[in-house]
Amino acid sequence: MPFSSVSRQFLTAALAHLVAASVVLLLGSSVGALTLRSDFLVWILLIGFVGFTTTGFAFHLFPTILRRPQPPLWTAQMAFLLAEGGLVLGAVGLSQATSPPLPGWVFSLGALLFLGGEGAAAGLFAHQLIQPRLKTPGPEARPGDAATFPLFLASWVSAVGAGGLFVLSGLAQGPGFGWWFAAVHLFVLGHVVLLITAVSLRLVPRSLNADVSRTAVYLLASLATTGAILVPVGMLETSPFSAARLTIFAAPEAAFAILFVSVLVVLVSRARTPRAEASLHLTSLTFFLIGGSIGLWMVFEGNYTPVVAHALAGVLGFVGLTILFMWFSMVAPFLRISHAWTRWMLWTLSGIWIGGVLVAIMGGIQDWFGTGWFLSLSGALLLGVVIVWGAGTIPVLFPGLNPLPGLTSEKIRVIRDRWKNR
């Protein structure tokens, strides 16, 4: 099924926002990437890159999986405009580019626009549930399908809730760790992790032609949902100065991460159609475990120095790498050249991405490494990835464009013929 115009806008904007975040990392300590502008960096990465990607793919996948017609174009377009306006205004509010800095309500207004965009998207998805089903055959049901719709809807409820917390964070610090940290964790664990879990349980068994038990599916969904609620609640209820008991709130999320890895290992071991890409999925989950381990260490020790390393391991390592390999399976960048070229670029860009994330994590652990050239190197690696990633994606999303800038259709055919048997 072709991508709708609004899905293409969301996905293209996501790559543009990732370019901006990579430039901030490239400039490193000279612009205070981990200090003065750390919130700005997290906002651009989390909302601009991750949030726009999830919404773009949701507009594409949800009607297809649900077998419903595409939502009205004008309402989907409104969701994009609100989200983009909110992202930009929120970024301006967090940029610290003026002297004196802009008041907090500027960011809150941007977060409110973003909340409106997420609310519009959630309303569209809910409205589609009551639309008549298309009379088209659906895929054979699998145990993982049972969690698709509950997790998807819970994911968007979490996105709306995180938007509300972001609005509050611009107006007041809030209790415990504050509204900002609760919002970030609700968006990551509630919106993004639940959505990744729903898509993984639906698509990975089909890709590998293997299944896990329905009991494991329900347990995974339950732990993911419980952790998504308890971690933000615990951050609001617990003081940063005595946060060791936050580990109690984080226990379901930790159990979920371990179970998620175990489920994927079982699927790989049972695969009747082995896929090398499953190793990238396991690598992304390893970053999830690394980020969570850093978080648990911080609350046990009461030392929050590596907080940005914790954030980058989760957002760039786990979520970013997951987006990268799922993007290649759904959009297939470089498909205008050949399938072989697409596979080769997936592994090349994934390897560079993993290296960039590892360097970023080392740069974020300030007690162990300097933050200067580590961040710059990470930003350069990620910027190179996203530029090439975009060069392969834009011609696929917008087939009316010249396939690749500077290359005629005849040259593309020559390249395709050269690679078709490789």
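How much space lies in the largest pocket? About 1,200 Å³. Keep that pocket in mind while you load the structure, which is a predicted model.

**Stop 1: the largest pocket**

Select Phe 181, His 185, Met 235, Val 307 and His 310. Of the 50 residues that line the largest pocket, these are the closest to its centre. Now colour the helices around them. Those that give two or more residues to the lining are α2, α3 (73-94), α5, α6, α7 (214-237), α8, α9 (278-301) and α10 (307-330). Which of them gives the most? Pick α9, which supplies nine residues. Next, colour the lining by class. You should find 32 nonpolar, 15 polar and three charged residues.

**Stop 2: the second largest pocket**

Move on to the second largest pocket, with a volume of about 620 Å³. It is lined by 20 residues. Select Ser 207, Arg 275, Glu 277, Phe 325 and Ser 329, the closest to its centre. Helices α6, α9, α10 and α11 (339-364) each supply at least two residues of this lining. Here α6 gives the most, with six residues. By class, the lining divides into eleven nonpolar, five polar and four charged residues.

**Stop 3: a pair of rings**

Now look for aromatic side chains. A search of the whole structure finds 27 aromatic pairs. Start with Trp 43 and Phe 166. Their ring centres are 5.3 Å apart, and the angle between the planes is 85°. That makes the pair edge-to-face, because planes over 60 degrees apart count as such. Zoom out and trace the helices. Trp 43 lies in helix α2 (residues 38-66) and Phe 166 in helix α5 (residues 148-171), so the pair ties together parts that are 123 residues apart in sequence.

Are these two residues buried or exposed? Trp 43 has 0% relative accessibility and counts as buried. Phe 166, at 1%, counts as buried too.

Stay on Phe 166 and show its surroundings. Leaving aside neighbours within four places in sequence, Phe 166 is in contact with Trp 43, Ile 47, Phe 107, Ala 111, Trp 180, Ala 183 and Val 184.

**Stop 4: more rings**

Select Phe 256 and Phe 260. Both lie in helix α8 (residues 246-270). They are four residues apart, about one turn of the helix. Their ring centres are 5.4 Å apart and their planes meet at 45°, so this pair is tilted. Both residues are buried.

Then select Phe 10, Phe 52, Phe 59, Phe 80, Phe 125, Phe 152 and Trp 156 together. Ring pairs link these residues into a cluster.

**Stop 5: the nonpolar core**

Widen the view. The largest nonpolar core has 132 residues. Highlight Trp 43, Phe 59, Phe 166, Trp 353 and Trp 389, which have the most contacts inside this core. You have met Trp 43 and Phe 166 already, as an aromatic pair. Phe 59 belongs to the ring cluster of the previous stop. Which helix gives the largest share of the core? Select helix α6 (residues 179-208), which contributes 18 residues.

**Stop 6: Ala 391**

Finish in helix α12 (residues 372-397), where you will find Ala 391. Ala 391 has a relative accessible area of 34%, so this residue is partly exposed. Now select Pro 333 as well. Along the chain, Ala 391 and Pro 333 are 58 residues apart. Draw a distance between their C-alpha atoms: the separation is 8.2 Å.

Definitions and conventions: Residues are numbered from 1 along each chain as its sequence is written. This is a predicted model: local features need pLDDT of at least 70, side-chain atom pairs count only at pLDDT 80 or more; totals for chains, interfaces and linings use all residues. Side-chain values use heavy atoms; hydrogens and water are left out. Rings of Phe, Tyr and Trp (its six-membered ring) pair if their centres lie within 6.5 Å; planes under 30 degrees apart count as stacked, over 60 as edge-to-face and the rest as tilted. Buried means under 20% relative accessible area, exposed over 50%, partly exposed in between (1.4 Å probe, protein chains only). A nonpolar core is a set of buried Ala, Val, Leu, Ile, Met, Phe, Trp, Tyr and Cys residues joined through side-chain atoms within 4.5 Å. Contact means heavy atoms within 4.5 Å. On a 1 Å grid over the protein atoms alone, a cavity is a set of points where a 1.4 Å probe fits but cannot get out, and a pocket is an open set with protein on both sides within 12 Å along at least five of seven lines; lining residues have an atom within 4 Å of a point. Grid points are joined across faces, edges and corners, and a volume is the space filled by probe spheres set on the points. Ala, Val, Leu, Ile, Met, Phe, Trp, Tyr, Cys and Pro count as nonpolar, Asp, Glu, Lys and Arg as charged, and the others, Gly among them, as polar.
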